[in-house]
Amino acid sequence: PPPPPQPVYEHLPSRAVVVYAQGEDKASRAVEKLASGPSPPSDADRSSLDALVSVLKNASRYHATTIDEGCYATLLSLLSSVDPQSSFPVVDLLRLTSLHPTSSQRSRLPYWRNALDSVLENMEKVPKEDVPVRMLGYRLACNLLKVRAFYGTDLWSKERVGALCAALDWPSAGKNVKSSAVTFALNLATVSHITSSSAAPWSAASSTLLAAALADGAEENRRKALIAVGTFKLAGGEAPEMVKGVVGGMEAGGGKVVEEVKEVLGM
C-alpha cells in the first residue's frame, strides 16, 4: 500500500529565506557615516565606494549592472582597517552588496568566506551590548543564506555557524540583535528543508541560541525559534535535547505553532 500522506501544517515548514533588503538610499548613508567616523576612507577608497553606491541605489537595474572588483576589494580592506565598533557602515555595505547578482556567483565563495570571517571577528571584539555590528552581521549572514550557489559549501561549516550563533550574549543583547540572530537560525533551518538535507550545522551554540529565543519574552522571537525547530525536524534532523526540553515545557494553549512543533517532535 502507498505510504500515508504527510500531515499538512499551517506554520511548518518554513519555505522562504528571510532577506534584509535595501532601504532607500541606505548605501549612500552608510558611506557618509563611514566618512564622518574616526577612520574616514582615503580618496581612492571613497571613489570606489561612490562607484558601489551608484550601482546599489538602482535595485531595479541590478540585472543590467555589475559590481567592479575594486569595490569588493575596498570593502574587505576597510573591514580589517577600521576600528571594530566603527565598522558597522562597512558591514551594512556588505549586506547590501550581497543582494546584487554579481555577488551570487559561485566564484564569489572565497570572497564571502573571508568577509564573513572578518565580520564575525568584529562581532566578537565589540562590547557585548553593541548593537549595530552584531545586528548587521547577522543580517549579512541571513542574506548570504539566500544564495543557492553557496548551499552545501564550507561557508556554512559547523564551526563558522557555531561561532556566529555564539557571537551574542542573549541577556545583554538589544532586541534588534536578538531578532536578527533568531532569523539567522530560522534561515538555516529553511535551507535544510529547501535542500532536503538534515545536515544543518547545529551546534551547542545554535542550541543555546534557540533555547534562549524559545524562552524569550518577545513573542516574535519565540515564534521564529519554534518554526526553526519544527522545520529542521521535518527536514530529517533531530532537535537537540536542550531545545526539546524548552518546547516540552510550553503550555499546550500556547498557540497553533506550539501545537504543531510539539506534534512534529512527537510530544
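Buried means under 20% relative accessible area and exposed means over 50%, with partly exposed in between. Keep those cut-offs in mind for the close-ups below, which come from a predicted model.

**Figure 1. Asp154 and Arg113 join in a salt bridge between distant parts of the chain.** Here the side chains of Asp154 and Arg113 meet at 3.2 Å, taken from N to O. The two partners are 41 residues apart: Asp154 belongs to the loop between H6 and H7, while Arg113 belongs to helix H5 (residues 109–125). How accessible is Asp154? Its relative accessibility is 40%, so Asp154 counts as partly exposed. Arg113 has 22% relative accessibility and therefore counts as partly exposed as well.

**Figure 2. Arg95 and Asp92 form a buried salt bridge within helix H4.** In this view the side chains of Arg95 and Asp92 come together at 2.7 Å, N to O. Both sit in helix H4 (residues 88–97), and because they are three residues apart, about one helical turn separates them. Arg95 has a relative accessible area of 5%, so this arginine is buried. Asp92, at 6% relative accessibility, counts as buried too.

**Figure 3. Glu220 and Arg223 make a salt bridge along helix H10.** The N to O distance between these two side chains is 2.7 Å. Helix H10 covers residues 219–234, and Glu220 and Arg223 are about one helical turn apart because three residues separate them in the helix. Buried or partly exposed: which word fits Glu220? With 40% relative accessibility, Glu220 counts as partly exposed. Arg223 counts as partly exposed at 32% relative accessibility.

**Figure 4. Glu32, Arg46 and Asp50 share a network of salt bridges.** This close-up brings together one arginine, Arg46, with the acidic residues Glu32 and Asp50 in a linked network. As background, side chains of opposite charge can pair when their charged atoms come close. For the model as a whole, the count comes to ten salt bridges.

**Figure 5. Glu260 is buried without a salt bridge.** Glu260 is found in helix H12, which runs over residues 256–264. Which side chain of opposite charge is nearest to Glu260? That is Lys256, 4.6 Å away. A salt bridge needs a side-chain nitrogen of Lys or Arg within 4 Å of a carboxyl oxygen, so the pair does not qualify. The Glu260 side chain does reach the backbone, though: the nitrogen of Glu10 lies at 2.8 Å, and that of His11 at 2.9 Å. Leaving aside neighbours within four places in sequence, the contacts of Glu260 are Tyr9, Glu10, His11 and Leu12.

**Figure 6. Arg134 is another buried charged residue with no salt bridge.** You will find Arg134 in helix H6. Asp130 offers the nearest side chain of opposite charge, and the distance is 4.8 Å. A polar atom of the Arg134 side chain lies 3.3 Å from the backbone oxygen of Lys128. Beyond its neighbours within four places in sequence, Arg134 is in contact with several residues, including Met123, Val126 and Pro127. Also among them are Ala167, Leu168 and Val177.

**Figure 7. Phe184 pairs with the rings of Tyr138 and Trp156.** The count for the model comes to four aromatic pairs. In one of them, Tyr138 and Phe184 are tilted, with 6.3 Å from centre to centre and 40 degrees between the planes. This pair links distant parts of the chain, Tyr138 in helix H6 (residues 132–144) and Phe184 in helix H8 (residues 175–194), 46 residues apart. Tyr138 and Phe184 are both buried. Trp156 and Phe184 have ring centres 6.1 Å apart and planes at 45 degrees, so that pair is tilted as well. Trp156 lies in the loop between H6 and helix H7 (158–165), 28 residues from Phe184 in helix H8. Trp156 counts as buried because its relative accessibility is 10%, and Phe184 counts as buried because its value is 0%.

**Figure 8. Tyr72, Tyr111 and Trp112 form a ring cluster.** Ring pairs link these three residues. Where does the charged end of Arg108 sit? It sits over the ring of Tyr72, 4.0 Å from the ring centre.

Technical notes: Residues numbered from 1 in each chain as written. Predicted model: local features only at pLDDT ≥ 70, side-chain atom pairs only at ≥ 80, totals over all residues. Heavy atoms only, no water. Helix = DSSP H or I, 4+ residues; strand = E, 2+ residues; numbered from the N terminus. Buried < 20%, exposed > 50% of the residue type's maximum accessible area, 1.4 Å probe, protein only. Lys, Arg positive; Asp, Glu negative; His and termini not counted. Polar contact = N/O pair within 3.5 Å; in protein donor to acceptor, adjacent residues only side chain to side chain. Contact = heavy atoms within 4.5 Å. Phe/Tyr/Trp six-rings, centres within 6.5 Å; stacked < 30°, edge-to-face > 60°. Lys NZ or Arg CZ within 6 Å of the ring centre and 35° of its normal.
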